[in-house]
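Take a moment with the sequence and the 3D view. Then follow the text from one place to the next.

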Amino acid sequence: MISIVVPVFNEAENIQPFLRDLEVHVHEPHETLIVYDFLEDSTLPAVAAMEPPCPHVRLVHNTLGKGVLNALKAGFNSSSGDVVVVMMADRSDEPKDVEPMARLVRGGADVVAGSRYVKGGRQEGGPLLKRTLSRLAGVSLYYLAGLPIKDATNNFRAYSRRVIEEIPIEGEMSFALAMELTLKAHWNGWRVAEVPTTWRDRTAGQSRFRLFAWMPHYLKWYLRALRKAWFGGKVGS
Ligand SMILES: Nc1nc2c(ncn2[C@@H]2O[C@H](COP(=O)(O)OP(=O)(O)OP(=O)(O)O)[C@@H](O)[C@H]2O)c(=O)[nH]1
Ligand SMILES: [Mg+2]
């Protein structure tokens, strides 16, 4: 089964079309874990109001603490699939890519990234600075650190069960989680792969991405990756 982990924060406007679209594109057995932080979240009544009800949906209350990283951890803890896909509720990620990503995991990859920076992948919209830094990070880690994918920062990813169960998460906040898990899997010698994807900026609801507050978290993993590649496995691991 594929567990699709979706963190949500007041996604009332997006959640219904998001879930309907997912059901159109994901035919394999799956569960969709909608992870919310607080009972007043506007996403909850919007899910409850779906007629007919959306199948395969489970609401998960994140009680580990506020924020996306805790929400993702809570989703991982409640997931039971052999493949765990992280996806956003704001319709930025393409549901049609979920099955091809899961297929690669089942074929032996431990991390499969939805990749905007390869042929066939695209990024549409979003703040220029964020886009530029993300692309620079991804492409430079590919060429300078030997990471076998070009998109290090996109959180649209499929993970194998052993990534979820065996890789300890050190990060304390932010979406740098995708980078942390991907690098650690790579350092373990596990297979990391990518599929082209198109990321589109949200058209409804509000972004909560905190570029400057989260930058140090991304930078920490970025520098660790360069140190490892240049000075060997023991430094800064
Ligand atoms: N549970 C939980 N989910 C969150 C939180 N912040 C954001 N999310 C959800 O995480 C997903 C991505 O959040 P966004 O704020 O769109 O951030 P992003 O997609 O990385 O960045 P942009 O879309 O470029 O702004 C969405 O589904 C949000 O609803 C949070 O504090 N808690
Ligand atoms: Mg978003």
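What follows looks at a ligand and its surroundings, then at one lysine. Keep in mind that this is a predicted model.

Start with ligand 1. Where does ligand 1 sit? It occupies the largest pocket. Around ligand 1 there are 19 residues. The closest are Glu11, Asp90, Lys130, Ser207 and Arg208. Find these five on the screen before you go on.

Now sort the shell around ligand 1 by class. It holds 11 nonpolar residues, 6 charged ones and 2 polar ones.

Next, zoom in on single atoms. Asp90, one of the closest residues, places a polar side-chain atom 2.7 Å from an oxygen atom of ligand 1. Arg202 also brings in its side chain: a polar atom there lies 2.7 Å from a ligand oxygen. Ala89 uses its backbone instead. A polar backbone atom of Ala89 is 2.9 Å from an oxygen atom of ligand 1. How much of ligand 1 does the protein cover? On its own, ligand 1 has 630 Å² of accessible area, and the protein covers 95% of that.

Leave the ligand and turn to Lys184. You will find Lys184 in helix α7, which spans residues 177-187. Is Lys184 buried or exposed? Its relative accessible area is 11%. Buried means under 20%, so Lys184 counts as buried. Now compare sequence with space. Lys184 and Pro168 are 16 residues apart along the chain. In space, their C-alpha atoms are 9.1 Å apart.

Terms used
Residues are numbered from 1 along each chain as its sequence is written. Chains are lettered from A and ligands numbered from 1 in the order in which they are written. This is a predicted model: local features need pLDDT of at least 70, side-chain atom pairs count only at pLDDT 80 or more; totals for chains, interfaces and linings use all residues. Side-chain values use heavy atoms; hydrogens and water are left out. A residue is near a molecule or strand if one of its heavy atoms lies within 4 Å of it. A polar contact is a pair of N or O atoms within 3.5 Å; within protein, one must be able to donate a hydrogen and the other to accept it, and residues adjacent in sequence count only if both atoms are side-chain atoms. Accessible areas come from the Shrake-Rupley method with a 1.4 Å probe; for residues, only the protein chains shown count as cover. On a 1 Å grid over the protein atoms alone, a cavity is a set of points where a 1.4 Å probe fits but cannot get out, and a pocket is an open set with protein on both sides within 12 Å along at least five of seven lines; lining residues have an atom within 4 Å of a point. A molecule sits in a cavity or pocket if more than half of its atoms lie within 2 Å of its grid points. Ala, Val, Leu, Ile, Met, Phe, Trp, Tyr, Cys and Pro count as nonpolar, Asp, Glu, Lys and Arg as charged, and the others, Gly among them, as polar. Helices (H or I, at least four residues) and strands (E, at least two) are DSSP runs, numbered from the N terminus. Buried means under 20% relative accessible area, exposed over 50%, partly exposed in between (1.4 Å probe, protein chains only).
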